[in-house]
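Work through the exercises below with the sequence and the structure open. Each task is followed by a solution in steps.

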Amino acid sequence: MADINIKAGTTMRAMAIDGFGGTEVLYLADLPVPTPGAGEVLVKIFNAGVNPSDWKAREGKLAAFFDYQFPFVIGFDLGGVVEAVGPGVERWKAGDRVFGMSNQKDGKDGTYAEYCIASEGLLAPLPTGWSYAEAAAIPVPGSTAYGSLVDAGELKPGQTVLINGGAGGVGSIGTQIARAFDARVAVTCIAADFDYVLGLGVERPIDYQNEDVVAAVREWAPDGVDLVVDAVGLGTLTPKALQIVKPGGSYVEIETLISRVDEAFVANAAAHGVRVVSSMIAIMRQPQHFAALAELCDQGKVRPPLVETMPLEHIGEAHRRLEAGTVRGKLVLDVQ
């Protein structure tokens, strides 16, 4: 039964865009509070996670995938409280503390706002003892990491895993997921992040600025690793896949809807017994990945990455830092 009490004409603060471009297109706006439809939930947002997909959405790189309706509010990840539910929603009620993802991909306003619409299946109860900010750091990077490791990467207990970009949001959560599957983990990162990633369960941190990554991997896993999850992309590590991954293993590239994997390279790798795939092959199963991730969080097997909070109005700075690749852990916005 619907539980909708938002008064007509009620507005919310939001960081919106009226067109594509740099961070200058983001502006503070008063927009109508949306009304949940069938199977939808209206969430009052306390914190919103910031992801690389957000600046790509701002620049219009995802226009082929998103149904943009301007003014458009960017943002997937949220931690907040259920404000109202639409027809047919039985799992949630007003007042429930939740974390999850918005319906941004369907043209609904995202999480850079005081309220947003989410599908009931892309929400989970706030893990016991977690803050809204900590929970908002998890959904997209965590479900991406889970899908890349367990689904696309076919991770098995006891395997060796290399995560390229181990100190970022996907890498820091991915390390914990891999450890929950009793895998051994090596990561690339800068030397200043060694203590951080070792605290997450990494066995071999590799300083990609000052070490030969291939040599370091082969020293740690002489036959090569079973699985690489490339959370950096940019094509810097992919050409070395055959030197890093053992025959029968997999190399999973993470990209936001846009894959850079070259078909000729994929075929050559396959001829040598190495699967090279994009994480996008698993994107349709994101709700299942998020549900499994939420269970790991509730069990204490995945804990929040390092979280840095910023005011909603500072989203331009957050985007610039993400584009520059200088973020350890996760940037999270204080919305309320």
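**Exercise 1. Partners across parallel strands**

Which residue in β13 does leucine 227 stand opposite?

Solution. The model is a predicted one. Start with the two strands: β12 (residues 225-230) and β13 (residues 245-253) pair in the parallel sense over five bridges. Opposite leucine 227 stands serine 250 in β13. Next, follow serine 250 to its other neighbour. Strand β13 also pairs with β14 (residues 275-278), in parallel and over four bridges. There the bridge partner of serine 250 is arginine 275.

**Exercise 2. The six-stranded sheet**

Give the strand order of the open sheet of six strands and find its edge strands.

Solution. The order is β11-β10-β9-β12-β13-β14, and the pairing is parallel. Pairing on one side only marks the edges, which are β11 (204-207) and β14. From one strand to the next, the twist averages 15°. Within this order, β9 (residues 160-164) and β10 (residues 184-189) run parallel and are joined by five bridges. One of the bridge pairs sets threonine 160 against arginine 184 in β10. Helix α4 (residues 169-180) packs on the sheet and touches β9 and β10. The direction of α4 makes about 170° with that of β10.

**Exercise 3. The three-stranded sheet**

Describe the open sheet that contains β1, and say why one side of β2 and of β4 is without a neighbour.

Solution. Three strands make up this sheet, in the order β2-β1-β4, with antiparallel pairing. β2 (27-32) and β4 (72-73) stand at the edges with a single partner strand each, so one side of each has no neighbour in the sheet. Strand β1 (residues 11-17) pairs with β4 in the antiparallel sense over two bridges. Alanine 16 stands opposite valine 73 in β4.

**Exercise 4. Aromatic pairs**

How many aromatic pairs are counted when ring centres must lie within 6.5 Å? Classify two of the pairs.

Solution. The count comes to nine aromatic pairs. Take phenylalanine 46 and tyrosine 132: the centres are 4.8 Å apart and the planes make 15°. Planes under 30 degrees apart count as stacked, so this pair is stacked. Phenylalanine 46 lies in strand β3 (residues 40-49) and tyrosine 132 in helix α2 (residues 132-136), so the pair ties together parts 86 residues apart in sequence. Phenylalanine 46 is partly exposed, with a relative accessible area of 27%, whereas tyrosine 132 is buried at 17%.

For the second pair, use phenylalanine 66 and phenylalanine 76. Their ring centres are 5.8 Å apart and their planes stand at 80°, so the pair is edge-to-face. Phenylalanine 66 is in the loop between α1 (52-59) and β4, and phenylalanine 76 in the loop between β4 and β5 (77-85), so the pair ties together parts ten residues apart in sequence. Both phenylalanine 66 and phenylalanine 76 are buried. They also belong to a cluster in which ring pairs link Phe20, Phe66, Tyr68, Phe70, Phe72 and Phe76.

**Exercise 5. The surroundings of α1**

Work out how α1 lies against α10, and how far α1 is enclosed.

Solution. The axes of α1 and α10 (residues 315-324) come within 9 Å and cross at roughly 110°. The two helices are therefore roughly perpendicular to each other. In the contact, Pro52, Asp54, Trp55, Arg58 and Glu59 of α1 meet His319, Leu322 and Glu323 of α10. These contact residues divide into three nonpolar, one polar and four charged.

For the enclosure, count the buried residues. Six of the eight residues of α1 are buried, so the helix is largely enclosed by the rest of the structure. The buried ones are Ser53, Asp54, Trp55, Lys56, Ala57 and Arg58, and they pack against β1, β3 and α10. Just after α1, glycine 60 takes a positive phi of about 90°.

**Exercise 6. Alanine 241**

Is alanine 241 buried or exposed, and which residues does it touch?

Solution. Alanine 241 is found in helix α7 (residues 241-244). With a relative accessible area of 0%, alanine 241 is buried. Leaving aside residues up to four places away in sequence, alanine 241 touches Tyr251 and Phe265. Glycine 95 is 146 residues from alanine 241 along the chain, and their C-alpha atoms are separated by 48 Å.

Technical notes
Residues numbered from 1 in each chain as written. Predicted model: local features only at pLDDT ≥ 70, side-chain atom pairs only at ≥ 80, totals over all residues. Heavy atoms only, no water. Pairing = 2+ DSSP bridges. Phe/Tyr/Trp six-rings, centres within 6.5 Å; stacked < 30°, edge-to-face > 60°. Buried < 20%, exposed > 50% of the residue type's maximum accessible area, 1.4 Å probe, protein only. Axes fitted to C-alpha atoms, helices over the stretch in contact; angles between N-to-C directions. Parallel < 35°, antiparallel > 145°, perpendicular 65-115°, else oblique. Contact = heavy atoms within 4.5 Å. Nonpolar A, V, L, I, M, F, W, Y, C, P; charged D, E, K, R; others polar.
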